[in-house]
Amino acid sequence: MKNGLLISALTRLLLGAAILCATIFGAAGSLQYWNGWVLIIALFIPISIVGVVLLIKEPELLRKRLKVKERDVKQGGVVKASGLLFILAFVLSGLGWRFGWYMLPRWVVAIALVLFLLAYLIYAEVLRENSYLSRTIEVTAGQKIIDTGLYAIVRHPMYSATIVLFITMPIILGSPIAAAIMLLYIPLIVRRIRLEEGLLERELKGYAEYKNRVRFRLFPYIW
């Protein structure tokens, strides 16, 4: 069974890497776009490490993370809009390098890279704390509320991490235009959270009480 899961994970990883490389370097018109290589390395090395750990220790969680098809039409719309947003940001980043549009200085890229890696550490910690995390929104049999660790601070630490990850990506690519466009991800994730919390209140026992205990969804004292 693990062999099949390994093949599925590797296929998804290689396909994702190929699509990302084709999008970024195709738009840049060159493999010399160094920002693109920095992002590829920063993104896929941690993903590979986390994938191996999940395969060994939490194969069921890895299987959940590989699921991509949303059952809810509204959630599916949010996912599709997010995907289009990413493609637009990556294409604009490549075009910016290709045609000499304003590129962010290296020290800004370095700061974004550090923030990206820190956010990925938080992402990995969330996976360690919550074995119920599926890529799609669902409540599984026997699921319990996780209210310790990061979940005692905010209700959706995974989304907190992804906001930082996704906004720093175009900054690593050196594109202020793409970074500004990626800010549109925030209202998309807000809508996803509202839809998700409606489902959790209906189907997950005790979630309403958890909401009362942990007031903030993404960032303490902000929202």
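## Contacts of isoleucine 24

Two residues are in contact when heavy atoms of one lie within 4.5 Å of heavy atoms of the other. In this predicted model, isoleucine 24 touches Tyr33, Gly36, Leu39, Phe90, Gly94 and Leu173, with residues up to four places away in sequence left out of the list. Isoleucine 24 also belongs to the largest nonpolar core, where Ile24 is among the residues with the most contacts inside that core.

## Overall layout

The protein has nine helices and zero strands. Read along the sequence, its pattern is α-α-α-α-α-α-α-α-α. Of the 223 residues in the protein, 45% are buried. The protein exposes about 12,200 Å², and carbon and sulfur atoms supply 68% of this area.

Contacts can also be sorted by separation in sequence. Among those between residues at least 6 apart, 79% join residues at least 24 apart.

## The nonpolar core

In soluble globular proteins, nonpolar side chains tend to be buried together. Here the largest nonpolar core has 62 residues, and the ones with the most contacts inside it are Ile24, Phe90, Leu127, Met182 and Tyr185. Helix H6 (residues 157-172) gives the largest share of this core, 10 residues.

Tyr185 appears again in a cluster of aromatic rings, where ring pairs link it with Phe86 and Phe166.

## Helices H2 and H5

Helix H2 (residues 34-57) has 24 residues, which should span 34 Å at 1.5 Å a residue; the C-alpha atoms at its ends are 35 Å apart, in agreement with that value. Buried residues in H2 are Asn35, Gly36, Leu39, Ile40, Ala42, Leu43, Phe44, Pro46, Val50, Leu54 and Leu55. Two of the H2 residues, Gly36 and Leu39, are touched by isoleucine 24.

H5 also has 24 residues and an expected span of 34 Å, and its end C-alpha atoms are 35 Å apart, which agrees. The buried residues of H5 are Val108, Val109, Ala112, Phe116, Ala119, Tyr120, Tyr123, Val126, Leu127 and Glu129. Leu127 is also one of the residues with the most contacts inside the largest nonpolar core.

Arginine 106 and tryptophan 34 are joined by a charge placed over a ring: the charged end of the arginine sits over the ring of the tryptophan, 4.5 Å from its centre.

## Aromatic pairs

A pair of aromatic rings is described by the distance of the centres and the angle of the planes. Rings count as a pair if their centres lie within 6.5 Å. By this rule the count comes to nine aromatic pairs. One of them joins tyrosine 120 and tyrosine 123, a tilted pair with 5.2 Å from centre to centre and 35° between the planes. These two tyrosines are three residues apart in helix H5 (residues 106-129), so about one helical turn separates them. Tyrosine 120 counts as buried because its relative accessibility is 9%, and tyrosine 123 counts as buried at 12%.

The rings of tyrosine 207 and tyrosine 210 have their centres 5.6 Å apart and their planes at 55°, so this pair is tilted. Tyrosine 207 and tyrosine 210 are three residues apart in helix H9 (residues 207-213), and are therefore separated by about one helical turn. Both of these tyrosines are buried.

## Single residues

Serine 175 lies in the loop between H6 and helix H7 (176-182). This serine has a relative accessible area of 5% and so is buried. Leaving aside neighbours within four places in sequence, serine 175 is in contact with Leu92, Ser93, Leu104 and Pro170.

Glycine 77 is in helix H4 (residues 73-98). With a relative accessible area of 37%, glycine 77 is partly exposed. Its C-alpha atom is 9.6 Å from that of arginine 192, and the two residues are 115 residues apart along the chain.

Glutamate 203 is found in helix H8 (residues 185-203). Its relative accessible area is 48%, so it is partly exposed. Between glutamate 203 and glutamine 143 there are 10.0 Å from C-alpha to C-alpha, and the two are 60 residues apart in sequence.

Tyrosine 221 lies in the segment after H9. Although tyrosine 221 is not a glycine, it has a positive phi of about 65°. At 74% relative accessibility, tyrosine 221 counts as exposed.

Terms used. Residues numbered from 1 in each chain as written. Predicted model: local features only at pLDDT ≥ 70, side-chain atom pairs only at ≥ 80, totals over all residues. Heavy atoms only, no water. Phe/Tyr/Trp six-rings, centres within 6.5 Å; stacked < 30°, edge-to-face > 60°. Helix = DSSP H or I, 4+ residues; strand = E, 2+ residues; numbered from the N terminus. Buried < 20%, exposed > 50% of the residue type's maximum accessible area, 1.4 Å probe, protein only. Lys NZ or Arg CZ within 6 Å of the ring centre and 35° of its normal. Expected span 1.5 Å × (residues − 1). Core = buried A, V, L, I, M, F, W, Y, C linked by side-chain atoms within 4.5 Å. Areas by Shrake-Rupley, 256 points an atom, 1.4 Å probe, with all protein chains shown as cover.
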